[in-house]
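Good morning, colleagues. I should like to take a few minutes to discuss the open and enclosed spaces in the structure now on the screen, and the ligand that comes with it.

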Amino acid sequence: MSLEEIKARIAKAEAEAGRAPGSVRLIAVSKVQPNERVDEVLKAGHRIFGENRVQEAAGKWPMFRERYEGIELHLIGPLQTNKARQAMELAQAIHSVDRPKLAETLARLAQERGDCPDLFIQVNTGEEPQKAGIAPADVDAFVAQCRGLDLPVRGLMCIPPAEEEPSMHFALLAKMAARNGLDGLSMGMSGDFEKAISFGATHVRVGSAIFGARDYT
Ligand SMILES: *Cc1c(COP(=O)(O)O)cnc(C)c1O
């Protein structure tokens, strides 16, 4: 599947959901992909990318930034507090704010830098013990805590349980965002981004459907 096809499918899903054209941002998830494939997508004009590890992002994006203007990098994977400073230097958005200690660290660094990436709070909508994210019952209090720390919270993010139909999770995330006055909804991946758009996604994170399967060997 190509970038153009994914963009066409997003446009169609926007139209079908009665959403404004261009209201959904496509984050091309380039983690683990060879640089040549990423370069092709940059050459095709795309500028919004997602990575899930700080170290991997640091290894490729400064180089791509020297070659292409206007790159916007979104960090979508778990963030250790000792990598927070580097993450803030690299990324324009962090989608994985998932615990008070991380929020406090980001707030301290934001004060120091006078600047902070856009933040999304990750919600563990499936309440899976192995998965990161704030429990649904704690979301309102955590949003309030982040706002109290002056953090620029733009929205909520979720990764539904792999084996479940995702609709309920997308609906739940949308409802929690709305009651907290948040516009941003980071939800939907290669297999379900059209469905996420029908539930209000503003940021879809699509990797393998653009770049092909990831080769971890
Ligand atoms: C890898 C990843 C994606 C992209 O997954 P695909 O199924 O390849 O589209 C989206 N979100 C997160 C948080 C990821 O880690």
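The largest pocket holds about 330 Å³ of space. It has 17 lining residues, and those closest to its centre are Lys-31, Asn-52, Ile-76, Ile-159 and Met-189. By class, that lining comprises seven nonpolar, six polar and four charged residues. Please bear in mind throughout that this is a predicted model.

Where, then, does the ligand sit? The ligand sits in this largest pocket. Around the ligand there are 13 residues, of which the closest are Lys-31, Ser-190, Gly-207, Ser-208 and Arg-214. Lys-31 thus appears among the residues closest to the ligand and also among those closest to the centre of the pocket. As to the composition of the shell around the ligand, six residues are nonpolar, four are polar and three are charged.

Let me turn to individual contacts with oxygen atoms of the ligand. Lys-31 places a polar side-chain atom 2.7 Å from an oxygen atom of the ligand. For Arg-214, the separation between a polar side-chain atom and a ligand oxygen atom is 2.8 Å. Ser-208 takes part through its backbone: one of its polar backbone atoms is 2.8 Å from an oxygen atom of the ligand. How much of the ligand does the protein bury? On its own, the ligand exposes 390 Å², and the protein buries 89% of that area.

I now move from the pocket to the enclosed space. How many cavities of 30 Å³ or more does the model contain? The count is one. The volume of the largest cavity is about 30 Å³, and its lining consists of Val-54, Ala-57, Leu-73, Leu-75, Ala-87, Leu-90 and Ala-91. Three elements each contribute two or more residues to that lining, namely helix α3 (54–67), strand β3 (72–75) and helix α4 (84–90). The lining of the largest cavity has seven nonpolar residues, with no polar and no charged ones, whereas the lining of the largest pocket includes six polar and four charged residues.

Thank you for your attention.

Notes
Residues are numbered from 1 along each chain as its sequence is written. This is a predicted model: local features need pLDDT of at least 70, side-chain atom pairs count only at pLDDT 80 or more; totals for chains, interfaces and linings use all residues. Side-chain values use heavy atoms; hydrogens and water are left out. A residue is near a molecule or strand if one of its heavy atoms lies within 4 Å of it. A polar contact is a pair of N or O atoms within 3.5 Å; within protein, one must be able to donate a hydrogen and the other to accept it, and residues adjacent in sequence count only if both atoms are side-chain atoms. Accessible areas come from the Shrake-Rupley method with a 1.4 Å probe; for residues, only the protein chains shown count as cover. On a 1 Å grid over the protein atoms alone, a cavity is a set of points where a 1.4 Å probe fits but cannot get out, and a pocket is an open set with protein on both sides within 12 Å along at least five of seven lines; lining residues have an atom within 4 Å of a point. A molecule sits in a cavity or pocket if more than half of its atoms lie within 2 Å of its grid points. Ala, Val, Leu, Ile, Met, Phe, Trp, Tyr, Cys and Pro count as nonpolar, Asp, Glu, Lys and Arg as charged, and the others, Gly among them, as polar. Grid points are joined across faces, edges and corners, and a volume is the space filled by probe spheres set on the points. Helices (H or I, at least four residues) and strands (E, at least two) are DSSP runs, numbered from the N terminus.
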